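These are my notes from one sitting with a single chain, kept in the order in which I looked things up. I began with a pocket and worked outward to the fold.

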Amino acid sequence: MIARLRGTPVASTAEGLLLDVGGVGYLVAATPSAVRKADRAEELVVETYLHVREDALQLYGFAERAERELFIQLLSVNGVGPKVALAIVSGSPADELRRAIVREDTARFQAIPGIGKKTAERIVLELKEKLAASVSLAPVGGADADDHVVARDALVELGYSLADAERALSQTDSSASPEERVREALRRAA
């Protein structure tokens, strides 16, 4: 199995990142963080996963080992293939996604294109126990986790996408109440 590549980024296309390793060009379907890393590097190290099918060999690339490990865990979920797993891992940092699984935050996964309610619930159900021991439920940004979810859900109800709500809340005072955080996020948006 090809677990890691180190080489020169040649191009970034719709099909993936082209990495020249010793004169051989590897096409890697990469996360946005790996692509960003390639944009500013003369040499790049990419953690990879080789997915083998009857008709194809596909390399998936990640900026860090935590992304690859979560990707592999997601592949163990019934109904989640490599393209869906890559979309999930591409959406947020791996630690945040692990915390969302342990907190049973299915809305986080439903916001990702291609993932419906049943798939989101299956991800949480099948991975929660596996991840519970390794995930710190330390409050997000210092705030109580339940308060963070309340504030995020309030912004979603007001029309924000899940990603925009998370981004807006990351710019607020994490020690404030959910109501104050929502007000502050709305003020910043205006």
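Entry 1, the pocket lining. I asked which helix gives the most to the lining of the largest pocket, and I found that α8 does, with 6 residues. I note here that I am reading a predicted model. The helices that each supply at least two residues of this lining are α3 (82-91), α4, α7 (145-157) and α8 (162-170). For the volume of the largest pocket I wrote down about 530 Å³. I then looked for the residues closest to its centre and, of the 28 that line the largest pocket, I listed Ser92, Glu96, Arg108, Leu162 and Glu166. Sorting the lining by class gave me 12 nonpolar, 7 polar and 9 charged residues.

Entry 2, confidence. Before going further I checked pLDDT, which averages 87 over the protein, with 94% of the residues scoring at least 70. The stretch I flagged is residues 139-143, where pLDDT stays under 50 and for which the model has 11 contacts beyond four places in sequence. I leave those contacts uninterpreted, because predicted coordinates should not be read in detail where pLDDT is low.

Entry 3, overall layout. I counted 9 helices and 5 strands in the secondary structure, and reading along the sequence I wrote the pattern as β-β-β-α-β-β-α-α-α-α-α-α-α-α. For the extent of the C-alpha trace along its principal axes I have about 55 × 35 × 30 Å.

Entry 4, the barrel. How do the strands connect? I traced a closed barrel of 5 strands in the order β1-β2-β3-β5-β4, with mixed pairing. Neighbouring strands of this sheet are turned by 55° against each other on average, if direction is ignored. Turning to what lies against the sheet, I found that helix α1 (residues 32-39) packs on it and touches β1, β2, β3, β4 and β5 (57-62), while the direction of α1 makes about 145° with that of β4. I also found α3 packing on the sheet, where it touches β3, β4 and β5, and its direction makes about 10° with that of β5. I noted that α3 is also among the helices that supply at least two residues of the pocket lining.

Entry 5, strand by strand. I followed β1 (residues 4-12) to β4 (residues 44-52) and found the two running antiparallel, joined by 4 bridges; here Gly7 has Leu44 in β4 as its bridge partner. I then followed β1 to β2 (residues 17-21), which is again an antiparallel pair with 4 bridges, and saw that Thr8 is partnered with Asp20 in β2. These two strands form a hairpin with 4 residues between them, and in its turn I marked Gly16, which has a positive phi of about 150°. From β2 I went on to β3 (residues 24-30), an antiparallel pairing with 5 bridges, in which Leu19 stands opposite Tyr26 of β3.

Entry 6, a helix pair. I last asked how α2 (residues 65-75) and α4 (residues 94-102) meet, and I found that their axes come within 9 Å and cross at roughly 35°. From α2, the residues in this contact are Ala66, Glu67, Glu69, Leu70 and Gln73, and from α4 they are Ala94, Leu97, Arg98 and Ile101. By class I recorded 5 nonpolar, 1 polar and 3 charged residues for the contact of α2 with α4.

Note on methods. Residues numbered from 1 in each chain as written. Predicted model: local features only at pLDDT ≥ 70, side-chain atom pairs only at ≥ 80, totals over all residues. Heavy atoms only, no water. Pairing = 2+ DSSP bridges. Axes fitted to C-alpha atoms, helices over the stretch in contact; angles between N-to-C directions. Contact = heavy atoms within 4.5 Å. Nonpolar A, V, L, I, M, F, W, Y, C, P; charged D, E, K, R; others polar. pLDDT = per-residue confidence, 0-100. 1 Å grid on protein atoms, 1.4 Å probe; cavity = no way out; pocket = protein on both sides within 12 Å on 5 of 7 lines; lining within 4 Å. Points joined across faces, edges and corners; volume = space filled by probe spheres on them.
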